[in-house]
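Trainee: I should be grateful for a close look at the backbone and surroundings of a few individual positions. Please set them in the context of the chain as a whole.

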Amino acid sequence: MNNKPISFRAFETKDIRELHRWFNDPVSLQTVGRTPLTYEETVTHVEQKRQNGDLLLSIEDKDCELVGWIFLQNIEYGHGRASLGILLAPESRGQGVGKYAIEEILNIGFNQLRLNKIYLTTRGKNEQAYGLYKKIGFVKEGELRNHTYIDGKYYDTYFMGLLASEWNK
Ligand SMILES: CC(C)(COP(=O)(O)OP(=O)(O)OC[C@H]1O[C@@H](n2cnc3c(N)ncnc32)[C@H](O)[C@@H]1OP(=O)(O)O)[C@@H](O)C(=O)NCCC(=O)NCCS
């Protein structure tokens with residue numbers, strides 16, 4: 001047990017089993033994926049992210065149970081920017097874990113990696129994620145029209161960003 005609601009550790013190869021389950025959850029397929037992935041495809045996905053130098057972190061709850069992963073990708077130190085992604089286990093959503101985890105990784109990105117901007121894209125249809133990002137302080141910087149195709153319909157994708165100066169205010 002520890003006192004913080006969540007904590008981070010490095011994402012380990014053994015966590016891929018759970019990641020595979022989260023990827024194939026029906027809500028995840030609508031919000032982050034498109035079609036189900038095999039376990040082997042999930043392994044390849046993680047390997048590609050490692051090769052790209054993404055910062056991959058596992059999120060654990062108070063009881064040290066694995067409840068999700070969060071990452072910074074497209075890290076470009078020359079420009080001082082990176083983009084953010086998060087996926088929680090289906091049973092751990094809707095309890096505030098996402099907010100704590102994003103705040104933690106923003107602190108790492110801005111105050112340890114010295115980034116100037118953290119950005120993301122989210123499907124406009126994903127009201128839970130969009131609501132959360134706005135609450136944390138991300139600003140919608142643009143809309144990519146008809147950027148996502150889900151169940152026979154096109155949806156806009158939102159580009160959102162947060163600057164270090166806004167976060168550290
Ligand atoms: C999206 C995700 C990261 C959000 O994390 P979470 O811990 O489940 O978030 P919560 O439901 O606790 O919501 C946090 C805040 O978001 C906002 N929010 C949640 N649902 C909302 C909705 N339907 N409309 C508007 N705002 C909403 C609220 O402000 C809420 O804060 P509050 O509980 O203090 O009111 C998580 O649900 C998840 O992993 N979903 C599947 C994958 C995914 O969509 N990833 C993001 C892709 S861009």
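Mentor: Helices and strands are here DSSP runs, of H or I over at least four residues for a helix and of E over at least two for a strand, and both are numbered from the N terminus. The model is a predicted one, in which local features need a pLDDT of at least 70 and side-chain atom pairs a pLDDT of 80 or more, whereas totals for chains, interfaces and linings use all residues. Residue numbers start from 1 along each chain as its sequence is written, and side-chain values use heavy atoms, with hydrogens and water left out.

Let us start with the backbone. N74 lies in strand 3, which covers residues 66-76. N74 is not a glycine, yet its phi is positive, at about 50 degrees. Most residues other than glycine have a negative phi. N74 is partly exposed because its relative accessible area is 43%; the class lies between buried, under 20%, and exposed, over 50%, with a 1.4 Å probe and protein chains only.

A positive phi also occurs at R114, where the value is near 60 degrees and the residue is again other than glycine. R114 is placed in the loop that joins helix 4 (97-111) to strand 5 (117-123). With a relative accessibility of 75%, R114 counts as exposed. Its C-alpha lies 7.1 Å from that of G80, although 34 residues separate the two in sequence.

Helix 4 itself holds I105, which counts as buried because its relative accessibility is 0%. Apart from residues up to four places away in sequence, I105 touches F8, L57, I70, F71, L72 and L84, where contact means heavy atoms within 4.5 Å. One of these partners, L84, is 21 residues away along the chain, and the two C-alpha atoms are separated by 8.7 Å.

V46, in helix 3 (residues 39-51), is likewise buried, with a relative accessible area of 0%. The residues it touches, again not counting those up to four places away, are F11, I16, L19, L56 and W69. L56 is ten residues from V46 along the chain, with 8.9 Å between the C-alpha atoms.

S28 sits in helix 2, residues 26-31, and is buried, its relative accessible area being 1%. The side chain of S28 reaches the backbone oxygen of W22 at 2.7 Å. Beyond its neighbours within four places in sequence, S28 is in contact with W22, F23, G33, L87 and R93.

N146, in strand 6 (residues 139-150), is partly exposed, because its relative accessible area is 49%. It touches Y154, Y155 and D156 once residues up to four places away are set aside. From V67, which is 79 residues away along the chain, N146 is separated by 32 Å between C-alpha atoms.

Now for the chain that frames these positions. The protein chain contains six helices and seven strands, arranged from the N terminus as β-α-α-α-β-β-β-α-β-α-β-β-α. The radius of gyration is 16 Å, close to the 15 Å of the globule rule for 169 residues, so the protein chain is as compact as a globular protein of that length; the radius is taken over C-alpha atoms, and the rule is 2.2 Å times the number of residues to the power 0.38. The C-alpha trace spans about 45 × 40 × 30 Å along its principal axes.

Burial and contacts can also be stated for the protein chain overall. Of its 169 residues, 41% count as buried. Among contacts with a separation of 6 or more, 59% come from residues 24 or more positions apart. The protein chain exposes about 9,600 Å², of which carbon and sulfur atoms supply 48%; such areas come from the Shrake-Rupley method with a 1.4 Å probe, and for residues only the protein chains shown count as cover.

Finally, the charges: there are 22 positive and 22 negative side chains, and the centres of the two sets lie 6 Å apart. Lys and Arg count as positive and Asp and Glu as negative, with His and the chain ends not counted. Each charge is placed at NZ of Lys, CZ of Arg, CG of Asp or CD of Glu.

Technical notes: A polar contact is a pair of N or O atoms within 3.5 Å; within protein, one must be able to donate a hydrogen and the other to accept it, and residues adjacent in sequence count only if both atoms are side-chain atoms.
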